[in-house]
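Could you walk me through this structure in my viewer, one selection at a time? I am new to it and would like to know what to click on next and what is there.

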Amino acid sequence: MQPRPLEEGDLEGCATLFAQVFSAPPWSEPWSIERALARLEHFHASPGFVGMLVSGERGEVAGFLLGNLEPYVEGQLFYLREMCVATHRQGQGVGSRLYHALARELASGDVRAVYLATGRAIPAADFYQGLGFRRSESMTFYAKGLKGE
């Protein structure tokens, strides 16, 4: 199970996995495959797209990550938009392999940092901290709903 670059033809399999994983706890978001595919296609079509994928023994998507390079004052930043590993594969090193493959890919360019947003109280937060990510002391994440205010 070696990571490889994520290609446009992989998006349907990624969307299926995304809908399965993020519709279950702890996220419990009601993702359909169609809406997941629309989200992943959006990122794929965006400037600076970079993605990595791991396939299982039968060729199914076991995990993926994707995001976009962004110009910055010096060099570039990478915004890790989505990372998803099949529930039965979590804790087996798939996510770590994906991230390290991404880091090697980004290190060949002028990328200064990787950043992401995730919930504080979900297992993903501990996973990212284990990879060396730290919660920013100087930055914070804001959100504001627009419907039903």
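## A guided tour

Let us begin at Arg112, which is exposed, with a relative accessible area of 52%. Please keep in mind throughout that this is a predicted model.

**Stop 1: from Arg112 to Glu74.** With Arg112 still selected, add Glu74 to the view. The two residues form a salt bridge, and their closest N and O atoms are 3.9 Å apart. This pair links distant parts of the chain: Glu74 sits in the loop between β3 and β4, while Arg112 belongs to strand β5 (residues 111–115), 38 residues apart. As for the background, side chains of opposite charge can pair when their charged atoms come close.

**Stop 2: the other salt bridges.** How many salt bridges does a search of the whole structure find? The search finds five. For another one, select Arg39 and Glu82, whose side chains meet at 2.6 Å, N to O. Arg39 lies in helix α2 and Glu82 in strand β4, so this pair ties together parts that are 43 residues apart in sequence. Colour the two by accessibility if your viewer allows: Arg39 is partly exposed at 27%, whereas Glu82 counts as buried at 10%.

Next, select Asp10 and Arg4. Their salt bridge has its closest N and O atoms 2.8 Å apart. Asp10 counts as buried, at 14% relative accessibility, and Arg4 counts as partly exposed, at 31%. Then show Glu57, Glu60 and Arg89 together, as these residues are linked in a network of salt bridges.

**Stop 3: helix α1.** Now select residues 11–23, the range of helix α1. The helix has 13 residues and reaches 18 Å from its first C-alpha to its last, close to the 18 Å expected at 1.5 Å a residue. Which residues of α1 are buried? They are Leu11, Cys14, Ala15, Leu17, Phe18, Ala19, Val21 and Phe22. To see what these buried residues pack against, show α2 (33–45), β2 (49–55), β3 (61–71) and β4 (76–85) as well.

**Stop 4: Ser23.** Stay with α1 and zoom in on Ser23, which is located in that helix. Is Ser23 buried or partly exposed? At 31% relative accessibility, Ser23 counts as partly exposed. Leaving aside neighbours within four places in sequence, show what Ser23 is in contact with: Phe18, Ser28, Glu29, Pro30 and Trp31. Two of these contacts deserve a distance label. The side chain of Ser23 reaches the backbone oxygen of Glu29 at 3.0 Å, and a polar atom of the Ser23 side chain lies 3.2 Å from the backbone nitrogen of Trp31.

**Stop 5: the cysteines.** For the last stop, go back along α1 to Cys14 and add Cys84. How many disulfides does a search of the whole structure find? The search finds zero. Cys14 is in no disulfide, and the nearest cysteine sulfur to it, that of Cys84, is 8.1 Å away. Why is there no bond from Cys84 to Cys14? The sulfur of Cys84 is 8.1 Å from that of Cys14, which is too far for a bond, because a disulfide needs the two sulfur atoms within 2.5 Å. Cys14 is buried, with a relative accessible area of 0%, and Cys84 is buried too, at 2%.

Note on methods:
Residues numbered from 1 in each chain as written. Predicted model: local features only at pLDDT ≥ 70, side-chain atom pairs only at ≥ 80, totals over all residues. Heavy atoms only, no water. Helix = DSSP H or I, 4+ residues; strand = E, 2+ residues; numbered from the N terminus. Buried < 20%, exposed > 50% of the residue type's maximum accessible area, 1.4 Å probe, protein only. Contact = heavy atoms within 4.5 Å. Polar contact = N/O pair within 3.5 Å; in protein donor to acceptor, adjacent residues only side chain to side chain. Expected span 1.5 Å × (residues − 1). Salt bridge = Lys/Arg side-chain N within 4 Å of Asp/Glu carboxyl O.
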